[in-house]
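Please work through the exercises below with the sequence and the structure open beside you. Try each task on your own before reading the worked solution that follows it.

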Amino acid sequence: MGVTARSDAEKSQVIISVDGRFDFSQHKVFRDAYKDATGKSTKFVVDLTDASYLDSSALGMLLLLREFVGSDPKRVRIRGANEDVARVLKIANFDKLFTVD
Amino acid sequence: MQFSTMHIGPPLDADPTASSEPETGWRGKALAVDDDLANLRLLRRMLERMGFAVVTATNGVEALEQFAARRPDLAVLDAVLPGMDGIEVGRRIKSMSAAEFVPIIFLTALADAASIMGCIRAGGDDFLTKPLSFKLLQARVIITERFRDLQRAMSASSEPLHELLEREHEEQRLAERVFSRAINSRNVETQAINSMRRSATTFNGDLLLTQSLPDGGLRILMADITGHGLGATIGALPVAEAFHAMAIKGVDDLQVLEEINRKLYATLPADRFMAAFMVSIAGNGRRLTWWNGGMPSGWLRSRHGLKELASHALPLGVLTELPPSDAPRALSVQDDDGLLLLSDGVLEAVDSKGATFGDGRLRQHLEAWSHGERLFGSLLAAWERHREGSALEDDVALLELVIGPALLDSTELEIGQARPGGWRWSVELGSEQAERLFPLKAVLGPLGLLDGLEAQSQVLEEILRQLYLSYVAPGRGLQSDPSLAAGAIAPDPLNILIRFEPLPSGGCFIIQAHWRGVGDSWSSGHSASPSDSEALGQVLGSLEQLCRSVRYDAGKGMIEAHYCW
């Protein structure tokens, strides 16, 4: 359960993996996972392979990450969403804001 | 543990258990319990030296009596006592002193893990092995006193917090009344709509707005602001203002959405947004414009089948401007086409086993929905049965619209605007008097209110009878509850308002019923029993058979039925 961040300096990318329920309780750890990334071109991958659930406050957290990267849709990829999680992202049409695999 | 056989040292007290009322020492009062009198005396001396006034006991029963009578600040107990053993005494002392923290130190002969675990499980805060050592006892006492002080500091600081919370709730309730009036007061009432809204908390983050358009058409906005409570509702106010003002002026859908989007983008924090479904039906009833940004699919049942109106746009308040791909879409419609809108709280409501209502169950209802029929009553009843009165985790909104001429005369049914020849009659009845409403003819007839309405009075009577049946339904009414029948508790009064509105050819009865139970237990979701929700479903179902529209407003605690001819 929780959020882990893994930095890949070579590719200048941070992989943020969410495990379990992605909801308001992850608010702080999710922000901590990216707030110290400095590079202007650092890319983020939000890996939802192990996320069982995603609610509207999680959508809000993704919007904050989007704001952090200056609203560049190419700098945040969302991948690995299971069927339920993908449906929430689809209904919110977040593929218009992020690169959703 | 055993009676001492020999004693060396200073003479024993005549009887260590028969101590006279001790003066409280500077450190407080301690209860010392041991069946070995020599040990007991030693323990007493040590505690006194630390500054305690000491109360003693030699068995469990006596220990509990002393504890109840003297309320000591600390208890030191031999783990093994004759009769009721020390572990059990410790457990009872803990349950007697739940409100304040009284540390218990157990004395054991053996320091093995099992004995220690037994002491701690019984609520012991610490333990000591015999023989007693003054230094060790003193150390244990200091440690437990630290716990006690921490505990006291915590409970002292949480008391004002409770008060604050209570005041906060009161203010929320007040703010809620102000907000709902501001947001809902301008909604138009129309027979074409059946709707239901319920809140998980006092404030409802789900918004349901209706307004007439200058061409006689109708515009509906169902929206869900992220989060619940006050934060969610504050964003609703500017949305409601913009929606109503622009609909009355006839501003087109896209411009309204753009304006609401701008307002929300400016007011909401970056992680908040509003999912919304907006629908406009032209005054000729032939064209429907829809826009879905982040809401569950809406459903249109036409002659040709079922059409899904899936989310095609981003929610509002996310981007500064709506992207061109997010424009509203249009469909042609005909009389008796039905539209169903819902918020995700409907799909996510869980039953006692944690299973959601879900798309699958909704699908079953949609597939059984035939053209020209109403779905609302049966769907709501099934939903109520599913969640069996369990508490709501999310706000809920459900709406059904039937396209047809009824759309157009919506604004003529404003409360309080009695037209020539129309009338309104209301009554508040205690539960024991409610049955006197019947026969209704005998009540309204002598007033001359049914003159010329004889043909319709039978239906009116039947509608009222349905409302009355739900009022006395099992679980709330006096007929089934002996304590109420015996007059033990005064049940809530039943309020009935009947309006007659003459129309160019025919007329309408608008019947409103409310009592505390309608809004309270059915809406809060906490106290509703399955029988309540079934009663609600049945009433709405049978009223739909009789009426052109039925509206159940949980917020106002009201059921309203429109019967027109």
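The exercises that follow treat a predicted model, and they go from chain B as a whole to its sheets, to single residues and to the contact with chain A.

**Exercise 1. Describe chain B in outline: how many helices and strands are there in chain B, and what percentage of its residues count as buried?**

Solution. Begin with the secondary structure, where chain B has 16 helices and 20 strands. Next take the burial, for which a residue needs a relative accessible area under 20%; by this cut-off 53% of the 565 residues of chain B are buried. Finally look at the contacts between residues of chain B that are at least 6 apart in sequence, of which 69% join residues at least 24 apart.

**Exercise 2. Work out the strand order of the open sheet in chain B that contains strand 7, and explain why one side of strand 7 and of strand 13 is left without a neighbour in the sheet.**

Solution. Step one is the order, which reads 7-8-9-10-13 in this open sheet of 5 strands, with antiparallel pairing. Step two concerns the edges: strand 7 (206-212) and strand 13 (329-332) of chain B each have a single partner strand, and therefore one side of each has no neighbour in the sheet. Step three is the twist, which averages 15° from one strand to the next.

Step four follows the pairing itself. Strand 7 and strand 8 of chain B run antiparallel and are joined by 7 bridges, with Leu209(B) having Leu221(B) in strand 8 as its bridge partner. The hairpin that these two strands make has 5 residues between the strands, and in it Gly216(B) takes a positive phi near 90°. On going further, strand 8 (residues 218-225) pairs with strand 9 (residues 274-281) of chain B, again in the antiparallel sense, over 8 bridges. Within this pair, Leu218(B) is matched with Ile281(B), and Met222(B) with Phe277(B).

**Exercise 3. Decide whether the residues of strand 8 of chain B are buried or exposed, and find which helices lie on the sheet around this strand.**

Solution. In a regular strand the side chains alternate between the two faces of the sheet. It is useful, then, to examine the two faces in turn. On one side of strand 8 of chain B are Leu218(B), Ile220(B), Met222(B) and Asp224(B), on the other are Arg219(B), Leu221(B), Ala223(B) and Ile225(B), and all of them are buried. The count for the strand agrees, with 8 of its 8 residues buried.

Now turn to the helices. Helix 7 (residues 236-249) of chain B lies across strand 7, strand 8 and strand 9, and runs at about 15° to strand 7. Helix 8 (residues 253-267) of chain B also packs on the sheet, where it touches strand 8, strand 9 and strand 10 (287-293), and its direction makes about 160° with that of strand 9.

**Exercise 4. Find where Asp78(B) and Arg551(B) lie in chain B, and say whether each is buried or exposed.**

Solution. Take Asp78(B) to begin with: this residue lies in strand 3 (residues 74-78) of chain B. Its relative accessibility is 1%, so Asp78(B) counts as buried. An unreviewed UniProt entry lists Asp78(B) under "modified residue: 4-aspartylphosphate".

Then consider Arg551(B), which is found in strand 19 (residues 549-553) of chain B. With a relative accessible area of 15%, Arg551(B) is buried too. If neighbours within four places in sequence are left aside, the residues in contact with Arg551(B) are Glu189(B), Asn194(B), Ser195(B), Met558(B), Ile559(B) and Glu560(B).

**Exercise 5. Describe the interface of chain A and chain B: how many residues are in contact, what area is buried, and how many salt bridges are counted?**

Solution. The size of an interface is often given as the accessible area lost when the parts come together. For the contacts, 17 residues of chain A meet 18 residues of chain B. The area buried between the two chains is about 1200 Å², and carbon and sulfur atoms give 61% of that area. On the side of chain A, Leu63(A), Ile91(A) and Lys96(A) supply 36% of the area buried against chain B, more than any other three residues. As a last step, count the salt bridges between chain A and chain B, of which there are 2. Lys96(A) forms a salt bridge with Asp326(B), in which the closest N and O atoms are 2.4 Å apart.

Terms used:
Residues numbered from 1 in each chain as written. Chains lettered and ligands numbered in written order. Predicted model: local features only at pLDDT ≥ 70, side-chain atom pairs only at ≥ 80, totals over all residues. Heavy atoms only, no water. Pairing = 2+ DSSP bridges. Helix = DSSP H or I, 4+ residues; strand = E, 2+ residues; numbered from the N terminus. Axes fitted to C-alpha atoms, helices over the stretch in contact; angles between N-to-C directions. Contact = heavy atoms within 4.5 Å. UniProt positions renumbered as here; feature names shortened; annotations may be inferred. Buried < 20%, exposed > 50% of the residue type's maximum accessible area, 1.4 Å probe, protein only. Buried area = accessible area lost by both parts, 1.4 Å probe. Salt bridge = Lys/Arg side-chain N within 4 Å of Asp/Glu carboxyl O.
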